[in-house]
Amino acid sequence: MTSQRILVIGNGMVGHYYVEQLHTKRPDLHITVIGGEPRPAYDRVHLSEVFNGKNPESLALTTREHYKQLGIEAHFGDPVTHIDRAGKTVTTSLGRTFSYDKLVLATGSYAFIPPIPGKELPGCLSYRTIDDLGAIKAHAKDARKGVVVGGGLLGLECANALKNLGLDTHVVEFATGLMNVQLDQGGSRMLQAMVSETGVHVHTSKATQCIGPGTDHRLRMDFADSTCLETDMIVFSAGIRPNDQLARTAGLEVGERGGIVIDYHCRSSDSDIFAIGECALFGGRIFGLVAPGYRMADAAVSQLTTSPHSFQGADMSTKLKLLGIDVGSIGDSQGNATPDAITLQYANDRERVYKKLVLSADGKTLKGAVLVGDCSDYDSLLQYYLNGMALPENAESLILPGDASERPVLSAGALPATATICSCLNISKAAIVSAIDSGCHSVAEIKELTGASSGCGGCAALLKSLVQQELETRGVEVNNHLCEHFAFTRQELFHLIQVEEIKSFDVLIDQHGKGRGCDICKPSVASIFASLWNEHILDRRHVPLQDTNDTFLANMQKDGSYSIVPRIPGGEITPEKLIRIGEIARDYQLYTKITGGQRIDMFGARLQQLPKIWQELIDAGFETGHAYGKALRTVKSCVGSTWCRYGVQDSVSMAILIENRYKGIRSPHKIKSAVSGCTRECAEAQSKDFGVIATEKGWNLYVCGNGGMRPRHADLFATDLDDATLISYIDRFLMFYIRTADRLQRTSVWLDNLDGGLAYLQDVIIQDRLGLAAELEQQMQTLLNTYQCEWKTTLGDKEKMRRFREFINTDQADSTVIFVQERGQPRPARKDEKEAVFSA
């Protein structure tokens, strides 16, 4: 029997989400997706970050290969032009025909360009897709001044993009204020003042009459009030319109002002055709955010399962950062839909903060809120609003300044079971509680099972609070002790060791622990000792604490041999050194591999060979690359402005400086870095624990990214830094991470668990909120002053050299370590190959 054919038109964020969810719940269906753009789905929410240095490819949500692996038929760059409802087929622009049993329209929206005479002139662009970004960047190269038409969410995002491109940026808005849909007059006024302070010029109440050639610039905008504005380029970002043309020509019902009319099941006027996302009109409304689109997709998917549910509308509250300014809008933010609403406002022009609460007539429940300049209260206020919870008697205390400890605290335990904890994935408190009931006893396990807080991460603090309260309610002891031998966190142990200047594990466990220690606490304490005192890790006091790799200053491989990685700062190497590595590898019959971090790994060294190989490498000018330790591994680089025609800074010199500065510094987990010479990002700096990208004005610093099994893009931390400021920020960032992270915690996880997230980290590192900047820099300088090549130190110590023998009573090699040749190099023998050798 042929499986039911589901055809999805559109592969934006919502269309892709629908395909993924449908395949998960109904893998038996034949799913076909047709995307009009030439590339698979990408993250349109973070589109503007491309102008901050993010690689466009990093926005990808899927690939053709992924769809192929799932058995999903996917076609891109050939948009559908016609729907034959009677024959249940669609036709594309290239004339291809596809059949369907159920059709899903996820065609999204398009950028609205007002009908202004002259809008078709060169330099008049739109802001909506990755291709639009390419056009904007191309026009910006020869431009000095840029105008964005539209002062809403997208318009301000676009203004930030033009500003980052170095243009004199202006925003032209028809309404009397910015973001007039989400904000009230007070919030809009405060936002406009803050935007102007960033250097972006704002022009409100401006109706553009026509566009023509300029005198001093390429274009001129004439306004209805007889004023004008000249510019080199104009980007229209004046809102969106539903992409409903296919539905119109197919005879489906559409709204008076556009949008495919759908019911509670997301069905159109044709019961075999669904519509989801920004092309759909529900209850006379277009939902122009991603999260409501996901809820529509969930409802549409459910109609093809045994547990159908409906779409009842969605909350349009939003929190975002525009031009570095925090903006939040909740519910009925302007109070227009709340009869006899009570309004509470707090405004501080000096501090640039505006907050407003819209309360019900009896003052007991929250109906809406506006936050500009400070969104620290957003999460709590959103829960009050979404769940209709009773407000504290002094509701104004929720937004007034003062001691945070005196503020009413919204307990996670007080939330109803239906409360949404993670709005990105629509995960309720009940789902979290159910996960705990099933055996999850940590936030990490909850994230793994439910996906909560894996989207924007904004619910991390609330999730942590909920998990802790639920575990305590069940009588499960909640602690973050390092292990059974130390009733402290790693951070607390770090502080104890630092303050009491403890340099021995025996002293530490005698004074602050119990028992003899374990495989958890020993390496952790060894790492803390190294981060504080920087003594050689093979010192007699420290050797018993190390794991195998640190004990032998090399990475043990599966066959008992070792790999060696000499440091090659920035990936730069002379021909002579390259030749010498080749000679050493040849003489010791080592397998060689160039790594993704621009280093050369040499595999297959016997334990007793390690010192000999180290000596030859040191004689050739190399030192240890610390590939065996939880330390800085590599700083990758592109060739930068020295060679590349696109480079704007010398990325190689900066990478070498950074790697030589931080080499050997021990940390809770391995650290990787990269430096790119321009925004093309060839060094992949945004996938590193800290990455640096060159700009025309200096360097942009990114932090807390990683590759691996659960990749995370780094966050933009600071922009246009000079060399000295960049290094000081990295100094502070690394030392703060070393001091406060948990054991074996990557920087990405550390940031996700850091109360206050990126904003808090910026306050600590840039604004010196905790008064630690000088201390952190001094601690870093201490480590820099005490650096030593661990290979070289070992070679000069007879006692340390004694451990580099496979057997205590003989110099013979382990006969069970056998290599065979493959592609001209040695590799470990397989079990059957070893058996053949032994039998012979």
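Start your tour by selecting Val 104: its bridge partner in β19 is Phe 274. The model on your screen is predicted, so local features are taken only at a pLDDT of at least 70 and side-chain atom pairs only at 80 or more, while totals for chains, interfaces and linings use all residues. Residues are numbered from 1 along each chain as its sequence is written, and side-chain values use heavy atoms, with hydrogens and water left out.

**Stop 1: strand β7 and its neighbours**

Select residues 102–105, which make up strand β7. Strands (E, at least two residues) and helices (H or I, at least four) are DSSP runs, numbered from the N terminus. Which way do the side chains point? Lys 102 and Val 104 face one way from β7, and Leu 103 and Leu 105 face the other way. There is a general pattern here: in a regular strand, side chains alternate between the two faces of the sheet. All four of these β7 residues are buried, where buried means under 20% relative accessible area, exposed over 50% and partly exposed in between (1.4 Å probe, protein chains only).

Now add residues 5–9, strand β1, which pairs with β7 in the parallel sense over 4 bridges. Two strands count as paired if DSSP finds at least two bridges between them. In this pair, Ile 9 stands opposite Leu 105. Then show residues 273–275, strand β19, which runs parallel to β7 and is joined to it by 3 bridges.

**Stop 2: a three-stranded sheet**

Move to residues 208–213 and 228–231, the strands β13 and β15. They are the edge strands of an open sheet, each pairing on one side only. The order of its 3 strands is β13-β14-β15, with antiparallel pairing. From one strand to the next, the twist averages 20°. Select residues 219–223 to see β14, which is antiparallel to β15 and pairs with it over 4 bridges. For one of the residue pairs, click Asp 222: its bridge partner in β15 is Cys 228.

**Stop 3: a five-stranded sheet and a loop**

Next comes an open, antiparallel sheet of 5 strands, in the order β21-β22-β25-β24-β23. Its edges are β21 (318–322) and β23 (342–348), and its twist averages 10° from one strand to the next. Highlight β24 (residues 353–359) and β25 (residues 366–372), which run antiparallel and are joined by 6 bridges. Tyr 354 has Val 372 as its bridge partner in β25.

Now click Gly 363, in the loop between β24 and β25. Is Gly 363 buried or partly exposed? Its relative accessibility is 22%, so it counts as partly exposed. Leaving aside residues up to four places away in sequence, Gly 363 touches Ile 342 and Leu 391 (contact means heavy atoms within 4.5 Å). Try a distance from Gly 363 to Thr 343: they are 20 residues apart in sequence and 9.1 Å apart in space, C-alpha to C-alpha.

**Stop 4: two helices side by side**

Select α16 (residues 575–587) and α17 (residues 610–619), whose axes come within 10 Å and cross at roughly 165°. That makes α16 roughly antiparallel to α17; the label covers angles over 145 degrees, while under 35 is roughly parallel, 65 to 115 roughly perpendicular and the rest oblique. Axes are lines fitted to C-alpha atoms, for helices over the stretch in contact, and angles run from 0 to 180 degrees between N-to-C directions. Show the side chains of Arg 580, Ile 581 and Ile 584 in α16 and of Ile 613, Glu 616 and Leu 617 in α17, because these residues make the contact.

**Stop 5: a buried strand and the cores**

Pick out β32, residues 632–637: 6 of its 6 residues are buried. It runs parallel to β33 (residues 671–676), joined by 5 bridges, and Thr 634 has Lys 672 as its bridge partner there.

Finish with Ile 658, Tyr 662 and Leu 761, the residues with the most contacts inside the largest nonpolar core, which has 61 residues. A nonpolar core is a set of buried Ala, Val, Leu, Ile, Met, Phe, Trp, Tyr and Cys residues joined through side-chain atoms within 4.5 Å. Helix α19 (residues 723–740) gives this core its largest share, 10 residues. A second, separate core has 49 residues, including Ile 34 and Phe 98.
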